[in-house]
Amino acid sequence: MKEVFFNKTSFIVGSLLIFTFVVFSPSIHSNFTNWDDNWMLTEHPLIRSLSPAGIKEIFFGEIYNLNYQPLVFLSYSVGHHFFGLNAVTFHLTNLLLHIFNVLLVYWFIRLISAGKIPAFVAAVLFAIHPMHVESVAWITGRRDMLYTLFFLLSLINYT
């Protein structure tokens, strides 16, 4: 007799979650870097306040350091508001965004293909592809995570 809460899809999704988390979990305990983390996050004046005025400044204020990335800065501001400048939470957020993107890849490929196996293989390849290491492990790579999130949601919506 089949269990209600366990089927092939839930096994695949659970496997993707666990596999992706295990592969990228070492990045969680990293610290801030001196590449872009300082001017994009730790020294960024706009992320210090999640007030309506601060959010307005992020979206409509002067472009900070020639970078207009309002959703990225807003996500940093939310993280700073709830957890302060704790590198672990920023790394964990990137990892969770990547895991969500892996699940979206599975869902999208499942929509356009005939089976669960091709979707699973595509999602695994997406999860562990070396191209994603920088985006997940580097805090300021969040822009790639957010871009991918909205791109995959658009593809799924279009399909």
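**Nonpolar patch**

I looked up which helix gives the most to the nonpolar surface patch, and found α1, with four residues. The model I am reading is a predicted one. The patch covers about 520 Å² and is made by Leu17, Ile18, Phe21, Val22, Leu92 and Leu96. I noted two helices, α1 (8-24) and α5, that each supply at least two of its residues.

I then checked Leu92, which sits in helix α5. Its relative accessibility is 31%, so I logged Leu92 as partly exposed; the cut-off for buried is under 20% and for exposed over 50%.

**Nonpolar core**

I turned next to the buried side. I kept in mind that nonpolar side chains tend to be buried together in soluble globular proteins. Here I found that the largest nonpolar core has 36 residues, and that Leu16 and Tyr76 have the most contacts inside it. The helices α1, α2, α4, α5, α6 (116-128) and α8 each supply at least two residues of this core. The most comes from α5, which gives 11 residues.

I listed what Tyr76 touches, leaving out residues up to four places away in sequence. The list is Met40, Leu41, Ile47, Phe90, Ile139, Thr140 and Arg142.

**Helix α4**

I checked the length of α4, which runs over residues 70-83. With 14 residues at 1.5 Å a residue, the helix should span 20 Å, and I found its end C-alpha atoms 20 Å apart, so the two agree.

Which residues of α4 are buried? I wrote down Pro70, Val72, Phe73, Ser75, Tyr76, Ser77, Gly79 and His80. Their cover includes α2 (37-42), α3 (52-60), α5 (87-112) and α8 (142-158).

I also looked just past the helix. Gly84 follows α4, and its phi is positive, near 70°.

**Phe59**

My last stop was Phe59, which is placed in helix α3. Buried, partly exposed or exposed? Its relative accessibility is 23%, so Phe59 counts as partly exposed.

I asked what Phe59 is in contact with once its neighbours within four places in sequence are set aside. I found Tyr68, Pro70, Leu71 and Leu74. Of these, I had already entered Pro70 among the buried residues of α4.

I took one distance as well: Phe59 and Ser10 lie 39 Å apart, C-alpha to C-alpha, with their positions 49 residues apart in sequence counted as separation.

Terms used:
Residues are numbered from 1 along each chain as its sequence is written. This is a predicted model: local features need pLDDT of at least 70, side-chain atom pairs count only at pLDDT 80 or more; totals for chains, interfaces and linings use all residues. Side-chain values use heavy atoms; hydrogens and water are left out. The expected span of a helix is 1.5 Å times one less than its number of residues. Buried means under 20% relative accessible area, exposed over 50%, partly exposed in between (1.4 Å probe, protein chains only). Contact means heavy atoms within 4.5 Å. Patches are made of residues with over 30% relative accessible area and no salt bridge: like charges are joined within 9 Å, nonpolar side chains (Val, Leu, Ile, Met, Phe, Trp, Tyr) within 5 Å. Accessible areas come from the Shrake-Rupley method with a 1.4 Å probe; for residues, only the protein chains shown count as cover. A salt bridge is a side-chain nitrogen of Lys or Arg within 4 Å of a carboxyl oxygen of Asp or Glu. A nonpolar core is a set of buried Ala, Val, Leu, Ile, Met, Phe, Trp, Tyr and Cys residues joined through side-chain atoms within 4.5 Å.
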